[in-house]
Amino acid sequence: MNEENRSRLLESTEQLRTLNKEAEKMYVEKVRSDQDYEADFFGVVKPFADKVDAIRKEWLPLAQQFVQEEKPLHLHPNQLQQTEENLEIVAIKSFFKETGKKRQMETFKSVEYVLQQLYTALHDK
C-alpha cells in the first residue's frame with residue numbers, strides 16, 4: 001500500500017472512530033435520556049448518515065487492501081465488511097428511541113474494536 005493510500009486510510013479510520021463516538025454520545029445522552037426527544041430526519045439524521053456513508057465508502061476498499069497486503073494480526077476481511085455494515089446501522093439507528101439499547105451499545109463497541117485494531121496496525125507497520 002502506497003503512502004498516499006495509507007494516509008487516506010488512517011485519516012478515514014480516525015474520522016469513523018470520531019463519528020462512532022459522536023453517535024454513541026448522542027444515543028446515550030439525548031435519545032435514551034430525553035423523554036421528549038424526536039429525531040429530526042432531514043435536519044440531523046440524514047446529514048449525519050450521509051457523512052458516515054461517504055467516509056465508509058472510501059474506507060472499506062482501502063482497509064481491505066491493507067489487510068490483504070499487510071496481513072495484520074486480529075483483523076480479517078469479513079470483520080471489515082461487517083464493520084462497514086455496522087457503521088450504516090450506527091449512522092441511522094442511533095437517533096431513534098425504538099433502537100434496542102443493548103444491541104446498539106454492542107454495535108458501537110464492535111465498530112470501535114475493529115477501527116482501533118486497524119488504527120493500531122497502521123501505526124505498527
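How far along helix 4, in helical turns, are Lys 109 and Glu 106 separated? They are three residues apart in that helix, and are therefore separated by about one helical turn.

Before I go on, a word on conventions: this is a predicted model, in which local features need pLDDT of at least 70 and side-chain atom pairs count only at pLDDT 80 or more, while totals for chains, interfaces and linings use all residues. Residues are numbered from 1 along each chain as its sequence is written, and side-chain values use heavy atoms, with hydrogens and water left out. Helices are DSSP runs of H or I with at least four residues, numbered from the N terminus.

Let me stay with that pair. Lys 109 forms a salt bridge with Glu 106, their closest N and O atoms being 3.6 Å apart, where a salt bridge is a side-chain nitrogen of Lys or Arg within 4 Å of a carboxyl oxygen of Asp or Glu. As for accessibility, buried means under 20% relative accessible area, exposed over 50%, and partly exposed in between, using a 1.4 Å probe and protein chains only. Lys 109, at 52%, is exposed, whereas Glu 106, at 41%, counts as partly exposed. Elsewhere, salt bridges that share partners join Asp 53, Arg 56, Lys 57, Glu 84 and Glu 88 into one network, and the count of salt bridges comes to nine.

Within that network, Asp 53 is partly exposed at 21%, and its side chain meets that of Arg 56 at 2.7 Å, N to O, as well as that of Lys 57 at 3.2 Å. Both partners lie about one turn away in helix 2, Arg 56 at three residues and Lys 57 at four; Arg 56 is buried at 8%, while Lys 57 is exposed at 54%.

Turning to helix 3, residues 77-93, its 17 residues should span 24 Å at 1.5 Å a residue, and its end C-alpha atoms are 24 Å apart, which agrees; the expected span is 1.5 Å times one less than the number of residues. Its buried residues include Leu 80, Glu 84, Leu 87 and Val 90, and what covers the buried residues of this helix includes helix 1, helix 2 and helix 4.

Finally, Arg 17 lies in helix 1 and is buried, at 13%. Leaving aside neighbours within four places in sequence, Arg 17 is in contact with Glu 112, Leu 115, Gln 116 and Tyr 119, contact meaning heavy atoms within 4.5 Å. With Gln 116, the side chain of Arg 17 makes a polar contact of 2.6 Å, that is, a pair of N or O atoms within 3.5 Å, one able to donate a hydrogen and the other to accept it within protein, with residues adjacent in sequence counting only if both atoms are side-chain atoms.

How values were computed
Helix = DSSP H or I, 4+ residues; strand = E, 2+ residues; numbered from the N terminus.
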